[in-house]
Amino acid sequence: MSELHKAIQRTQMASDMSQAYFNQPLTVCYSGGRDSEVLVEIAKISKVPFIIQHSHTTIDAPQTVHHVRKQFARWENEGYKCRIDYPPQSFWQLLGRKTTPPTRQIRYCCEEQKEFANKNKVLLTGVRWDESSKRKNNRGIYESNAVKREKRIILMNDNDDRQQLTNRCMQLNLTTVNPIIDWSDKLRDDFISDLKIECNPLYCMGFKRCGCVGCPMASKQQRYFEFEMFPKYKALYMKGFQRMLDYRNYREKQGLSHYKMRFKTANDIWMFFMEEMQIFGQYTMEELWGEVI
Ligand code: SF4
């Protein structure tokens, strides 16, 4: 069976789960990147009912915001349902309510800016094993997520016991299906070229990914490149980090619990955020942050 046929079968299975357990169309998560362009086309080819959903994180590049709007206008004209979810606060406001910047381990921004709208749904996402070795080890074709790690179910093979997964759908609030998980970069790019899909203009500017500007999950090299291309975003991060310090000082003055935040300036936080830890070489993580609030 070709990769495309497998992707279609998985999408149809996801749609069946969405209808059976949540009584609603499948949610196709669209980020504005190449993988999600493929995902939308596969949903169309699969002829299942679906809605295309995008989370406006407030730290996407302007090109991504424009591209999403353009694609959504096109798909709505074709008769497909599209929805943009807006978080209750901007990412910059969120920084002022926390005492640590987001890191690879502490991704509170994903939860508050992206995932808040996707409870009680079956989601179709464009995760692929080729993206990183971590994804190769941790992500599966079908995933039933639970707060407790030991209760999560991840199926890596189409022949695994899907009944196990579907039985859990009713108990858990989020099920994810990744139909192109085993697609190579080449297969994805050939598909895009064959279907003449218009992609995010960021790729023509040298970007390898189109996620949030400065996302801690991206490589250090990529993040420096992004801040070079979008220096105003760096300025916004610095303002956000200053708010973070102000918030910590406010808590201290009010006699509220606060943690051992030993950064003195917004620039100290910036260096930590950019993984330039050598300036804090004498500190341990525990010394830097007692706990996240
Ligand atoms: S910056 Fe990264 S971790 Fe934060 S919301 Fe965006 S994708 Fe998620």
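1. K47 is exposed, with 11 other C-beta atoms within 10 Å of its own, and this residue sits in the loop that runs between α2 and β2. The backbone of K47 deserves a look, since its phi is near 55 degrees, a positive value in a residue other than glycine. As background, most residues other than glycine have a negative phi. It should be kept in mind here, and throughout this note, that the model is predicted.

2. A second residue can be read alongside K47, namely K196, which has a positive phi of about 50 degrees although it is not a glycine. K196 lies in the loop between α8 (185-194) and α9 (220-229), and with 6 C-beta neighbours inside 10 Å it counts as exposed.

3. On the overall make-up, the protein has 12 helices and 7 strands, and buried residues account for 32% of its 293 residues. If one takes the contacts between residues at least 6 apart in sequence, 72% of them join residues that are at least 24 apart.

4. The pair formed by α1 and α2 can be described in some detail. Two packed helices are described by the angle between their axes and the distance between the axes. For helix α1 (residues 3-22) and helix α2 (residues 34-46), the axes come within 9 Å and cross at roughly 75 degrees, which makes α1 roughly perpendicular to α2. The residues that meet are A7, I8, T11 and Q12 on the α1 side, and I42, A43, I45 and S46 on the α2 side. By class, the residues of this contact divide into 5 nonpolar and 3 polar, with no charged residue among them.

5. The largest nonpolar core holds 28 residues, of which V28, L39, A43 and L124 touch the most other members. Two or more residues are given to this core by each of α1, β1 (26-29), α2, β2 (50-55) and β4 (121-124), and the largest share, 5 residues, comes from α2. A43 is a useful residue to follow here, for if residues up to four places away in sequence are left out, A43 touches T11, V28, V48, F50 and L124. Apart from this core there is a second, separate one of 16 residues, which includes A61, C212, M244 and I269.

6. Which residues are found around the ligand? They are T57, P102, R107, C109, C110, Q113, K114, G211, C212, C215 and M217. Sorted by class, this shell has 6 nonpolar, 3 polar and 2 charged residues. C212, listed in the shell around the ligand, is also included in the second core.

7. E112 is placed in helix α5 (residues 108-114), and with 18 C-beta neighbours inside 10 Å it counts as partly exposed. Leaving aside residues up to four places away in sequence, E112 touches P87 and L94. E112 and P88, which are 24 residues apart in sequence, are 8.3 Å apart in space from C-alpha to C-alpha.

8. Helix α9 offers two residues for inspection. F225, whose place is in α9, is partly exposed, with 16 other C-beta atoms within 10 Å, and F225 and G214 are 9.1 Å apart in space, C-alpha to C-alpha, while being 11 residues apart in sequence. Q221 also lies in α9, but with 9 C-beta neighbours inside 10 Å this residue counts as exposed. The C-alpha atoms of Q221 and M274 are separated by 10.0 Å, and the two residues are 53 residues apart along the chain.

9. How many residues along the chain lie between the positions of D246 and T99, given as their distance apart in sequence? They are 147 residues apart along the chain, and their C-alpha atoms are separated by 9.6 Å. D246 is found in helix α10 (residues 231-253), where, with 12 C-beta neighbours inside 10 Å, it counts as exposed; the cut-off matters for this residue, because a residue is called exposed if 12 or fewer other C-beta atoms lie within 10 Å of its own.

Notes: Residues numbered from 1 in each chain as written. Predicted model: local features only at pLDDT ≥ 70, side-chain atom pairs only at ≥ 80, totals over all residues. Helix = DSSP H or I, 4+ residues; strand = E, 2+ residues; numbered from the N terminus. Buried ≥ 20, exposed ≤ 12 C-beta atoms within 10 Å, placed from the backbone. Contact = placed C-beta atoms within 7 Å. Axes fitted to C-alpha atoms, helices over the stretch in contact; angles between N-to-C directions. Parallel < 35°, antiparallel > 145°, perpendicular 65-115°, else oblique. Nonpolar A, V, L, I, M, F, W, Y, C, P; charged D, E, K, R; others polar. Near = placed C-beta within 6 Å. Core = buried A, V, L, I, M, F, W, Y, C linked by C-beta atoms within 7 Å.
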